[in-house]
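The following account leads through a single model, moving from one pair of aromatic rings to the core and then to the charged contacts. Please keep the sequence and the coordinates at hand while reading.

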Amino acid sequence: MNKNILQAIIHIFFTFVNNNNGEIMFYINFFLFFSIFGYLFETLCAYIFKSGFNSGILYGPWTPLYGFGVIIIMLLSNKIFESLHLNKVVETIVVFVVITIVLTVLEWLGGVLIEKLFHITFWDYSNYKYHIGKYVSLEMSLLWGVGGIILIYLVIPYVCEFIKKIPFFITMFLSSLFIIDVIVTTINKLKK
């Protein structure tokens, strides 16, 4: 790719990210924060339960499924809060059901895409009592729902202020590493 074209693309990207009242930066930081959090969470669980499971398909310390998942549940729950005006108990039940369904579909989609693109089965719930294929089980779906409720009501309200304060250069540095990781991983995995 021509050096001038690459510089123009980088300039457009940085200008776009900087000129949206920080909203784009917030979502990029949110994605990166929870992708790294997801990686650390799964790594800790694998260590505690001695499962030998390796979180994420990428080489770096991030599991993008968590980043996408948390952004989706945050946006959906905000929409539910704004639209329905329910009492707290009913609201929590509705949010739980929606989050459970959405995250289950996201997990299934992630599993199918990883298998189709990279010919890897990264997780398999076939040994769970209430499973539907390899990538969906009632037990894990309920766990996603509970985890989503904890995130919505307990974690996200406190993390948002921290995420808003992440400096631009850190966002760009981590974003660059993430993009490089996605490219390198994709090239290397598709070779196999």
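**From aromatic rings to the core**

In this predicted model, Phe-41 has a relative accessibility of 40% and therefore counts as partly exposed. Its ring partner Phe-37 is likewise partly exposed, at 39% relative accessible area. The two residues are four places apart in helix H2, which means that about one helical turn separates them. An α-helix has 3.6 residues a turn, so residues three or four places apart point the same way.

How many aromatic pairs does a search of the whole structure find? The search returns 14 of them. One is formed by Phe-33 and Phe-34, an edge-to-face arrangement with 5.0 Å centre to centre and 80° between the planes. The partners are unlike in accessibility: Phe-33 is partly exposed, with a relative accessible area of 26%, whereas Phe-34 counts as buried at 1%. The geometry of Phe-37 and Phe-41 is of another kind, for their ring centres are 6.3 Å apart and their planes lie at 15°, so this pair is stacked. Ring pairs join these four residues with Phe-26, Tyr-27, Phe-30 and Phe-162 into a cluster.

Two members of that cluster, Phe-30 and Phe-34, lead into the nonpolar interior. The largest nonpolar core has 35 residues, and those touching the most other members are Phe-30, Phe-34, Ile-156 and Ile-163. Helices H2, H3, H4 and H5 are the elements that give two or more residues to this core. H5 supplies the largest share, nine residues. Phe-30 illustrates how the core is connected: leaving aside neighbours within four places in sequence, this residue is in contact with Val-70, Ile-71, Met-74, Ile-156, Cys-160 and Ile-163. Val-70, Ile-71 and Met-74 are among the buried residues of H3, while Ile-156, Cys-160 and Ile-163 are among those of H5.

Helix H5 runs over residues 138-164 and carries a kink of about 55° at Val-155, shortly before the proline Pro-157. Its buried residues include Met-140, Ser-141, Trp-144, Gly-145, Gly-148, Ile-149, Leu-151, Ile-152 and Val-159. The cover over the buried residues of H5 includes helix H2 (23-48), helix H3 (64-84), helix H4 (88-118) and the strand S2 (136-137).

Helix H3 has 21 residues and reaches 30 Å from its first C-alpha to its last, close to the 30 Å expected at 1.5 Å a residue. The buried residues of H3 also include Pro-64, Tyr-66, Gly-67, Gly-69, Ile-73, Ser-77 and Ile-80. Packing against the buried residues of this helix are H2, H4, H5 and helix H6 (168-191). After H3 comes His-85, with a positive phi near 50°.

**Charged contacts**

The whole structure holds three salt bridges. Lys-88 and Glu-91 form one of them, at 3.6 Å from N to O. These residues are three apart in helix H4, and so lie about one helical turn from each other. Is each partner buried or exposed? Lys-88 counts as exposed, at 54% relative accessibility, but Glu-91 is buried, with a relative accessible area of 11%.

A comparable spacing recurs in helix H5, where Lys-164 and Glu-161 are three residues apart and thus separated by about one helical turn. Their side chains meet in a salt bridge at 3.5 Å, N to O. Lys-164 counts as exposed, at 54% relative accessibility, and Glu-161 is partly exposed, with a relative accessible area of 43%.

The side chains of Lys-134 and Glu-115 form a salt bridge of 2.9 Å, N to O. This pair links distant parts of the chain, 19 residues apart: Lys-134 lies in the loop between strand S1 (131-132) and S2, and Glu-115 lies in helix H4. Both residues are partly exposed, Lys-134 with a relative accessible area of 27% and Glu-115 with one of 25%.

Key: Residues numbered from 1 in each chain as written. Predicted model: local features only at pLDDT ≥ 70, side-chain atom pairs only at ≥ 80, totals over all residues. Heavy atoms only, no water. Bend = angle between axes of the 7 residues up to and from the residue. Buried < 20%, exposed > 50% of the residue type's maximum accessible area, 1.4 Å probe, protein only. Contact = heavy atoms within 4.5 Å. Salt bridge = Lys/Arg side-chain N within 4 Å of Asp/Glu carboxyl O. Phe/Tyr/Trp six-rings, centres within 6.5 Å; stacked < 30°, edge-to-face > 60°. Expected span 1.5 Å × (residues − 1). Core = buried A, V, L, I, M, F, W, Y, C linked by side-chain atoms within 4.5 Å.
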